[in-house]
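Good morning, everyone. Please have a look at the chain on the screen, and then I'll walk you through it.

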Amino acid sequence: MTKVRNTEKLVTIQQIADHVNNVTLNDELIVFDGFHPYANEYNESFPLRIDALIIVLCLNGTGEIGIDLNQYHINKGTLVVMQPKNYITSISCSNDFEAK
């Protein structure tokens, strides 16, 4: 994780790829089947920024995500779109959370 300022971290697409079973990866694109949040690893790092466009579809379970200054509830059928440089302030998921 790259340090950006004293209180924020920048997560690169390569760091995301290192934590998922990716199907396709190049310098600009990663596609993976199944999402297993590793938010606990970053709990002390919030807020952080993702240096990539992230699109996640919730298939099962529930969750909460803080993006910029807004808190969002996620459940089955929710599509989450995070743009590059969005601030992620919190992530939590139920034990049965599944997404692609």
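Let's start with one residue, N86. Apart from its neighbours within four places in sequence, N86 touches L48, R49, I50, I67 and D68. One of these partners deserves a second look. The side chains of N86 and D68 are joined by a polar contact of 2.8 Å. Keep in mind that this is a predicted model.

Where does N86 sit? It is in the loop between β9, residues 79–82, and β10, residues 87–93. Is N86 buried or exposed? Its relative accessibility is 13%. Buried means under 20%, so N86 counts as buried.

Now the wider view. The protein chain has 2 helices and 11 strands. Follow the sequence and you read β-β-α-β-β-α-β-β-β-β-β-β-β. How much of the chain is buried? Of its 100 residues, 35% are buried. Next, the contacts between residues at least 6 apart in sequence. Of those, 55% join residues at least 24 apart.

On to a second asparagine, N75. This one lies in strand β8, which covers residues 70–75. N75 has 33% relative accessibility. The partly exposed class runs between 20% and 50%, so N75 counts as partly exposed. Which residues does N75 meet, leaving aside those within four places in sequence? They are C58, G61 and T62. Take T62. Along the chain, N75 and T62 are 13 residues apart. In space, their C-alpha atoms are separated by 4.4 Å.

Last stop: the surface. The protein chain has an accessible surface of about 6400 Å². Carbon and sulfur atoms account for 50% of that. There is also a nonpolar patch on the surface. Its members are L53, I55, L57, L59, L79 and V81. Together they have about 530 Å² of accessible area.

Which strand gives the most to this patch? That is β6, with 3 residues. Both β6, residues 54–60, and β9 supply at least two residues each. You met β9 earlier, as one of the two strands on either side of the N86 loop.

What about L53? This leucine lies in the loop between β5, residues 48–50, and β6. L53 has a relative accessible area of 53%. Exposed means over 50%, so L53 is exposed.

To recap the three residues: N86 is buried, N75 is partly exposed, and L53 is exposed. Thank you.

Note on methods. Residues numbered from 1 in each chain as written. Predicted model: local features only at pLDDT ≥ 70, side-chain atom pairs only at ≥ 80, totals over all residues. Heavy atoms only, no water. Helix = DSSP H or I, 4+ residues; strand = E, 2+ residues; numbered from the N terminus. Buried < 20%, exposed > 50% of the residue type's maximum accessible area, 1.4 Å probe, protein only. Polar contact = N/O pair within 3.5 Å; in protein donor to acceptor, adjacent residues only side chain to side chain. Contact = heavy atoms within 4.5 Å. Patch = residues over 30% accessible without salt bridge, like charges linked within 9 Å, V, L, I, M, F, W, Y side chains within 5 Å. Areas by Shrake-Rupley, 256 points an atom, 1.4 Å probe, with all protein chains shown as cover. Salt bridge = Lys/Arg side-chain N within 4 Å of Asp/Glu carboxyl O.
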